Amino acid sequence: MHLGSALAIAALLLAGACGRDGSGGSGSAQFLAAHEWTGEADWFGGFSGLHVFPGGARALVLNDRAGLVELHLSRDGQDRIARAEPRRHWGLHSSTGKALTGWIADSEGLAVDPGGALYVSFEGVHRVARFDAPDAPAQVQNAPQVFRGLPRNGSLEALAIDRRGRLYAIPESGRDSAGRIPVWRGAAGRWQVAFTLPARGRFLPVGADIGPDGRLYLLERSLTVLGFRSRLRRWALTDAGAEAEETLLTTAAGTHDNLEGLSVWRDAGGALRATMISDDNFLKIQRTELVEYRLQD
């Protein structure tokens with residue numbers, strides 16, 4: 001998402017009014033660590049998609065200019081991120097093999113299937129694309145009319161994939177007539193709203209994942225004059241939809257930066273862990289931050 005309103009700028013300038021040690025939050029999630037990642041490359045910044053591979057040492061991050069980065073995550077003796085080291089970088093391509101640029105390159109959500117294929121959701125031109133490899137041409141997974149009517153700068157922010165290979169795409173600000181959050185499910189190129197989620201307060205969806213426990217996790221963001229707030233909720237997925245809603249984390253304003261990417265995985269001890277990354281909007285007054293919380297099963 002691109003931030004341009006006066007409220008957004010005020011929030012960015014005032015971010016940090018609360019402590020950044022993870023203590024400014026409520027819920028059952030246990031704060032582990034926050035690591036600030038810095039870089040000077042022209043592709044660095046704007047990260048909104050994240051996938052952490054089993055073991056926690058390798059990750060893929062996606063920015064909102066169709067840039068994909070492979071990271072090596074070095075960890076300390078307490079299994080906290082000590083260093084994020086870029087290994088490779090790619091610019092994603094269109095279905096014709098051309099580099100994605102401009103408003104059609106507004107990539108937001110990232111999901112990885114067990115075979116290694118990448119799925120990316122886009123704003124601007126609302127679509128979900130498959131990439132068999134980071135440098136492969138895009139294979140668009142939806143017909144043009146499927147997501148028609150979604151806001152240009154508030155559409156497919158969040159993307160997840162389940163064990164059956166079905167994709168779940170969630171818009172940031174699109175709501176149904178009842179004010180609920182629609183969740184599109186797609187398989188074999190066919191999409192439909194499979195179920196809806198309750199919208200609570202001023203939080204908006206920005207990231208999603210289906211964890212190794214099979215539950216749907218949703219990262220949400222709220223913008224205040226004191227900085228960003230983040231919320232993490234989850235649901236059990238059933239044939240009827242999403243049930244047993246839990247709020248795992250709600251942070252105070254300024255606790256973290258603009259968290260947008262989410263990956264849920266199990267660490268070496270078998271515990272569930274949520275790793276999140278912040279989108280600095282390519283602004284020097286913001287930070288790229290990798291944040292981790294331990295979750296209860």
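Serine 26 stands opposite threonine 250 in strand β18, where strands are DSSP runs of E with at least two residues and helices are runs of H or I with at least four, numbered from the N terminus. This is a predicted model, in which local features need pLDDT of at least 70 and side-chain atom pairs count only at pLDDT 80 or more, while totals for chains, interfaces and linings use all residues. Residues are numbered from 1 along each chain as its sequence is written, and side-chain values use heavy atoms, with hydrogens and water left out.

**Overall chain**

- The protein chain contains one helix and 21 strands.
- Its C-alpha trace spans about 45 × 45 × 40 Å along the principal axes.
- The radius of gyration of the protein chain is 17 Å, which agrees with the value near 19 Å for a compact globule of 297 residues; the radius is taken over C-alpha atoms, and the globule rule is 2.2 Å times the number of residues to the power 0.38.
- Of the 297 residues, 55% count as buried, meaning under 20% relative accessible area, with over 50% called exposed and anything in between partly exposed (1.4 Å probe, protein chains only).
- The accessible surface comes to about 12400 Å², and carbon and sulfur atoms account for 50% of this surface; areas come from the Shrake-Rupley method with a 1.4 Å probe, and for residues only the protein chains shown count as cover.
- Among contacts (heavy atoms within 4.5 Å) between residues at least 6 apart in sequence, 51% join residues at least 24 apart.

**The five-strand sheet**

- An open sheet with antiparallel pairing has the strand order β1-β18-β17-β16-β15; two strands pair if DSSP finds at least two bridges between them.
- β1 (25–26) and β15 stand at the edges with a single partner strand each, so one side of each has no neighbour in the sheet.
- At one edge, β1 runs antiparallel to β18 (residues 241–251), and two bridges join them.
- At the other edge, β15 pairs with β16 (residues 216–224) in the antiparallel sense over six bridges, and proline 205 stands opposite glutamate 220 in β16.
- The hairpin of β15 and β16 has five residues between the strands, and glycine 214 takes a positive phi near 80° there.
- β15 (residues 204–210) is mostly covered, with six of its seven residues buried.

**Aromatic pairs**

- Rings of Phe, Tyr and Trp (its six-membered ring) pair if their centres lie within 6.5 Å; planes under 30 degrees apart count as stacked, over 60 as edge-to-face and the rest as tilted.
- The count by this rule is eight aromatic pairs.
- Tryptophan 37 and phenylalanine 47 are stacked, because their ring centres are 4.9 Å apart and their planes are at 20°.
- Tryptophan 37 lies in β2 (residues 30–37) and phenylalanine 47 in β3 (residues 47–52), so the pair ties together parts that are ten residues apart in sequence.
- Both partners are buried: tryptophan 37 has a relative accessible area of 4%, and phenylalanine 47 has 0%.
- Tryptophan 43 and phenylalanine 44 form a tilted pair, with 6.2 Å centre to centre and 50° between the planes; both residues are buried.
- Trp37, Trp43, Phe44 and Phe47 form one aromatic cluster.

**Charges over rings**

- The charged end of arginine 58 sits over the ring of phenylalanine 53, 4.0 Å from its centre; the rule asks for NZ of Lys or CZ of Arg within 6 Å of the ring centre and within 35 degrees of the ring normal.
- Arginine 65 lies over the face of phenylalanine 282, at 3.6 Å from the ring centre.
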